[in-house]
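Here is a short report on one protein model. Take a look at the structure before reading on.

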Amino acid sequence: MSKTPLLEIENLHAKVGDKEIIKGFNLTINEGEVHAVMGPNGAGKSTLSNVICGKPGYEITSGSIRFKGKDLTKMSVEERAREGIFLCMQYPVEIPGVPTTTFLKHAVNAVRKHRNQPELDTMEFVKMVREEGKKLGIDADMIKRPVNVGFSGGEKKRLETLQMTVLKPCFSILDEADSGLDIDALKVVSEGVNALRDGQRSMLVITHYQRLLNYVVPDFVHVYADGRIVKSGDKNLALELEEKGYAEFVKEK
Amino acid sequence: MTGLLQDIKLFGEYIPWLQALRNKGRDSFEEQGVPTAKTEAWKYTKPRDLNADDFVFLPSNFLDELRAETTEACCCHHENCDCSGDCRHEDCGCGHHHDDSHECGCGGECHCHNHELNLNYGIPFDAYQIHFVNGKFIPIFPALPRGVEIITLMEAVLIDEAKEHLGKIAELDGYPFAALNTAYMEEGIYIRINKDVKLDKPIMLINHTEAGSKNLFCNLRNLIVLENGAEAELVEWYKYAGAQKSRYFTNIVNEIVLGKNSRFNHYKLQDEAYKANHVSLSFVKQKAEAEYRSFCLQKGANIGRNEIKVRLTDEKASAEVNAAYIMSGWATLDTTTNIEHLAPQTFSEQLVKGVVNGDARGVFQGKIHIAPDAVQTAGHQLHKALLLSDTAEIDVKPELEIFADDVKCSHGAASGELDERQLFYMQSRGIGREEAKQILIDAYLEDVISKIQNEAVRNWIKSAAQTEPVK
Ligand SMILES: Nc1ncnc2c1ncn2[C@@H]1O[C@H](COP(=O)(O)OP(=O)(O)O)[C@@H](O)[C@H]1O
Ligand SMILES: [Mg+2]
């Protein structure tokens with residue numbers, strides 16, 4: 001069975017300021033696949049996810065990123081999101097003064113508009129958010145509060161998962177989705193993530209620890225060190241890393 | 001003489017006290033002139049356009065009728081001139097233009113009686129409506145409840161109602177445009193709310209400008225009197241339609257007298273055409289325990305200045321003066337306040353927030369004066385601005401003059417930019433960058449707009465703040 005590539009990253013090099021962080025990164029993710037990228041702190045994992053999303057401040061010096069066959073690097077941040085890329089952020093941003101519902105409604109309708117779906121009216125929207133929120137342990141009170149303001153680490157990650165659930169992206173990047181989560185929250189978030197796995201949607205799970213991969217089981221695992229993938233394998237590679245650590249992959253300096 | 005001072009026949013020139021007042025205004029404006037860069041109170045806001053010599057002052061239509069009733073020599077019915085009924089009133093000196101020949105120089109836009117008026121501007125909430133078009137009163141009066149009077153200022157002059165306060169609340173020295181306004185005092189309304197009467201819905205004063213290509217000079221003078229224990233709300237709405245290129249000038253003075261224990265909510269939306277000049281001065285005098293609350297959103301005009309001077313003359317009077325401004329292009333929008341605490345236990349609170357884009361300039365000058373006797377008073381003031389471009393500018397001049405002990409006073413100012421991380425976060429969820437900016441701007445203005453007590457007015461101002469001014 002031939003697979004349809006969704007995300008194709010070829011020989012990517014990227015800089016932050018004068019510092020080259022991504023140094024020849026190659027990865028192809030096909031439709032329906034879940035890939036895990038594991039690496040030590042400072043390896044450039046967040047940088048990779050930010051570059052895929054088009055965050056300003058990063059310069060691609062060579063290589064290419066294609067999404068559904070299109071050159072991703074030519075698209076604005078919002079175009080990428082509307083095309084179906086979602087970044088579950090390691091450090092979600094607080095937006096004082098903007099109620100979470102308002103923010104969610106703008107996002108959902110922007111994406112729906114792009115997909116030629118009618119905008120949801122307030123009733124439909126509230127109903128959907130309530131139902132999906134409930135599954136993630138998010139109550140009505142929480143989504144009335146300003147976006148991420150005063151949220152605990154766990155609440156922030158739940159809200160990220162809620163956003164992913166209602167935006168229904170075809171490609172999600174989870175950047176350290178498990179950081180700051182206790183075991184119960186981890187289960188809730190993982191269930192939310194797994195609910196989106198339908199054999200069509202793809203994911204890139206970025207993590208330092210193997211723990212999350214017990215719940216979101218990847219099809220492929222890659223070791224990322226010094227700006228490139230140094231080893232690939234199946235889910236057992238994650239267990240191996242957990243045991244041995246990253247030492248053998250990190251260059252002696 | 002400048003282009004703003006012209007020889008124009010005004011209503012009631014034969015009324016000595018009125019004419020004396022006008023003459024005083026005229027002398028004072030001649031002495032002060034249009035402010036220059038050297039005028040301290042106008043050092044940030046430079047009304048250069050007002051030195052132009054092509055201002056057109058439209059004669060009042062409605063006041064002709066009053067004039068006809070009160071001036072014996074009027075030839076309105078062609079009795080006194082030998083025209084046999086077909087004169088166009090140019091020669092007889094009655095000042096009438098009752099035909100539709102538009103010889104008043106309006107170029108067809110003067111709204112003579114013969115022209116049908118469309119006053120349906122989509123008034124967003126139930127209100128007692130008072131309409132002006134190009135600064136001229138449209139004689140349609142709302143049905144009012146008992147104990148409330150709204151008449152034209154000149155009618156109020158005729159029946160001696162206005163005499164007690166007119167010109168006594170406004171100051172001329174240091175206020176050149178109040179002086180100019182006084183010299184031309186004619187159009188405007190008089191509002192009186194009787195003792196203990198609580199008005200059930202806001203009064204809305206709309207001045208709708210259709211200047212065409214003319215640089216109209218509109219001069220409005222309103223006198224508002226709340227007797228002891230009265231409560232009322234006034235909404236002023238300055239808007240325009242049609243060609244927007246005119247540098248028309250709207251000059252407003254409100255004199256507001258608040259009796260003991262009265263409450264007055266004063267709201268305003270300044271949405272003039274982008275080349276217009278809008279100068280507004282409200283002089284407020286408050287008796288004991290009177291409460292004055294104002295909110296003004298400025299989003300139009302090239303030069304827009306909303307100035308409020310409050311005198312808290314008796315104990316426990318309080319004033320809340322809030323404002324917001326949203327601007328781009330080359331505009332200068334100015335909020336100037338002066339709160340005088342003249343008695344013990346008086347309170348004032350001010351929050352002014354602005355959003356400045358393009359090459360625009362926001363100005364806030366806020367003065368709090370606390371007189372020697374005014375002990376146990378509190379006066380607080382805060383100005384904040386959001387700068388959306390590198391060339392946007394704000395000038396802030398807070399002034400505290402404190403001559404009493406045992407007072408609580410503060411002022412503060414802050415300016416910032418939109419947070420790129422917040423914009424990225426929203427964009428990464430599919431929200432367009434411009435939409436994301438608007439969400440942040442709305443959030444920025446939320447706290448100041450939420451100070452508007454009347455919910456309908458608040459929602460109206462909120463949606464006005466969300467709509468980009470037309471270029
Ligand atoms: N904005 C930035 N400016 C300079 N250096 C940065 C910036 N962001 C990240 N870096 C550096 O890039 C490297 C990779 O960071 P990051 O992608 O956050 O790593 P990871 O997510 O794998 O821990 C680190 O050495 C970090 O210090
Ligand atoms: Mg990271």
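S10(A) is mostly covered, with six of its six residues buried. This is a predicted model. Both faces of the strand are covered. On one side, A:Ser202, A:Leu204 and A:Ile206 are buried. On the other side, A:Met203, A:Val205 and A:Thr207 are buried as well.

Where does S10(A) sit in its sheet? Six strands of chain A form an open sheet, in the order S6-S9-S10-S3-S11-S12. S10 thus has its place between S9 and S3 in that order. The pairing in the sheet is mixed. S6 and strand S12 (228–233) of chain A stand at the edges. Each has a single partner strand, so one side of each is left without a neighbour in the sheet. On average, neighbouring strands of this sheet are turned by 20 degrees against each other, direction ignored.

Strands of a sheet pair through backbone hydrogen bonds, either parallel or antiparallel. Three pairings are listed here.

| Strand pair | Sense | Bridges |
|---|---|---|
| S9(A) and S10(A) | parallel | five |
| S3(A) and S10(A) | parallel | five |
| S3(A) and S11(A) | parallel | four |

Single residues can be matched across these pairs. A:Ala36 stands opposite A:Val221 in S11(A). A:His35 has A:Leu204 in S10(A) as its bridge partner. A:Ser172 is matched with A:Met203, also in S10(A). The chain gets from S9(A) to S10(A) through helix H7 (residues 183–195) of chain A. This β-α-β crossover is right-handed.

Next comes a helix that meets the sheet. H1(A) packs on the sheet. H1(A) touches S3, S6, strand S9 (171–175), strand S10 (202–207) and S11 of chain A. The direction of H1(A) makes about 150 degrees with that of S9(A).

H1 also takes part in a metal site. Which protein donors does the magnesium ion (ligand 2) have? They are A:Ser46, through OG, and A:Gln90, through OE1. These donors lie 2.1 to 2.3 Å from the ion. A:Ser46 lies in helix H1 (residues 45–53) of chain A. A:Gln90 lies in the loop between strand S6 (85–88) and strand S7 (95–99) of chain A. The pair therefore ties together parts that are 44 residues apart in sequence.

Are the two donors buried or exposed? A:Ser46 is partly exposed, with a relative accessible area of 25%. A:Gln90 is buried, with a relative accessible area of 19%. The cut-off for buried is under 20%, so A:Gln90 falls within it.

Definitions and conventions. Residues numbered from 1 in each chain as written. Chains lettered and ligands numbered in written order. Predicted model: local features only at pLDDT ≥ 70, side-chain atom pairs only at ≥ 80, totals over all residues. Heavy atoms only, no water. Donors = N, O, S within 2.8 Å, 3.2 Å for Na, K, Ca; no water. Helix = DSSP H or I, 4+ residues; strand = E, 2+ residues; numbered from the N terminus. Buried < 20%, exposed > 50% of the residue type's maximum accessible area, 1.4 Å probe, protein only. Pairing = 2+ DSSP bridges. Axes fitted to C-alpha atoms, helices over the stretch in contact; angles between N-to-C directions. Contact = heavy atoms within 4.5 Å. Right-handed = clockwise from strand over helix to strand, strands pointing away.
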